[in-house]
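Open the model in your viewer and keep the sequence panel visible. The tour goes from the whole chain to one pocket, and then to a helix beside it.

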Amino acid sequence: MLPVLFFLATFVVASQGSEIGLSHQIHLLRPQSGSKGERIPGVSCLSWRLAVETHNIIGWTTVPKECEGYVGHYMLGQQYREDSKVVANEAIAYAQSLNITGGGKDVWVFDVDETTLSNLPYYAEHGFGAEPYNSTLFNAWVLEGKAPALPETQRLYKELLSLGIKVVFLTGRPESQREVTETDLKHVGFHTWEKLILKASSYIGKTAVVYKSTERTKLEKSGYKIIGNIGDQWSDLLGNHPGNRTFKLPDPMYYIS
């Protein structure tokens, strides 16, 4: 019996020491909050992020305040890059497995914000999504044209072009931001695309799923074949004509329906 008691005592002390030692790390062992900031026993920020990425928590408006630090450390840390790398690697492996016959009608749809271009410099100054969305401030950031490229997505983009697959950018940005978006994309290395589709005023009041489904349907009807689709929001990938394969990039900073 004594050896067992000794083991348990050693385990408890070691566990307590681990908790103390990890208090300065990315997240506490047991931070608890729900999707709207209320405290829910047993739900950590890591679990909240998992539920967001798997589309089990939907319709949320801001990152729980208790999770601001966790999301910030995730987005600025290595894990975000590693997660994005896994997605890009799978997309590249899929693209390489295809038998591209040519003809210029095989396309891959890319979202822009948090898929092709990163707005992390903006969100780093606005709570990593813990602050309510401010369209005036965000649009002012977009108009600066300083959004950097997401390197893992750019690697996929270059591979697709080398395989003869054309790229279509389909973004929720409005038509008024076409020039700055084109300039920003080219500045960070996205020089070639088949189409850059921005949101027309006729879609005001409609969800992203409706808008993107409609535009993808138009692509298919005009003869294009969507063989792949990548985005950071589920609304980029749901609805009509999503593509033969879809790939979801991580983004726990905001939700678009």
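What percentage of the 257 residues of the protein chain count as buried? The share is 43%. Bear in mind throughout that this is a predicted model.

**Whole chain.** Start with a cartoon of the protein chain, which shows nine helices and five strands. Followed from the N terminus, the elements run α-α-α-α-β-α-α-α-β-α-β-α-β-β. Now add the contacts between residues at least 6 apart in sequence: 68% of them join residues at least 24 apart. Switch to a surface next. The protein chain exposes about 13200 Å², and 58% of that area is supplied by carbon and sulfur atoms.

**The largest pocket.** Select Tyr133, Phe138, Gly172, Tyr254 and Ile256, the lining residues that lie nearest the centre of the largest pocket. The lining comprises 41 residues, and the space in the pocket is about 870 Å³. Colour the lining by class and you should find 16 nonpolar, 14 polar and 11 charged residues. Which elements each supply at least two residues of this lining? They are helix H5 (120–124), helix H6 (135–144), strand E2 (166–174) and helix H9 (208–221).

**Helix H6.** Select 135–144, which is H6, and show its side chains. Phe138, Trp141 and Val142 are buried here. Looking down the axis of H6, these buried residues fall within an arc of 100 degrees, so they line one face of the helix. Behind such a pattern is the geometry of the α-helix: with 3.6 residues a turn, residues three or four places apart point the same way. Turn to the other side of H6 for Thr136 and Leu143, which are exposed. What do the buried residues of H6 pack against? Add H5, E2 and helix H8 (178–187) to the selection to see their partners. Phe138 thus appears twice on this tour, as a buried residue of H6 and as one of the residues nearest the pocket centre.

**Tyr122.** Move to helix H5 and select Tyr122. Is Tyr122 buried or exposed? Its relative accessible area is 7%, under the 20% cut-off, so Tyr122 counts as buried. Leaving aside neighbours within four places in sequence, Tyr122 is in contact with Asn134, Leu137, Phe138 and Trp141. To finish, draw a C-alpha to C-alpha distance from Tyr122 to Trp141: the two are 6.9 Å apart in space and 19 residues apart in sequence.

Terms used: Residues are numbered from 1 along each chain as its sequence is written. This is a predicted model: local features need pLDDT of at least 70, side-chain atom pairs count only at pLDDT 80 or more; totals for chains, interfaces and linings use all residues. Side-chain values use heavy atoms; hydrogens and water are left out. Helices (H or I, at least four residues) and strands (E, at least two) are DSSP runs, numbered from the N terminus. Buried means under 20% relative accessible area, exposed over 50%, partly exposed in between (1.4 Å probe, protein chains only). Contact means heavy atoms within 4.5 Å. Accessible areas come from the Shrake-Rupley method with a 1.4 Å probe; for residues, only the protein chains shown count as cover. On a 1 Å grid over the protein atoms alone, a cavity is a set of points where a 1.4 Å probe fits but cannot get out, and a pocket is an open set with protein on both sides within 12 Å along at least five of seven lines; lining residues have an atom within 4 Å of a point. Grid points are joined across faces, edges and corners, and a volume is the space filled by probe spheres set on the points. Ala, Val, Leu, Ile, Met, Phe, Trp, Tyr, Cys and Pro count as nonpolar, Asp, Glu, Lys and Arg as charged, and the others, Gly among them, as polar. The arc is that of the directions from the helix axis to the C-beta atoms.
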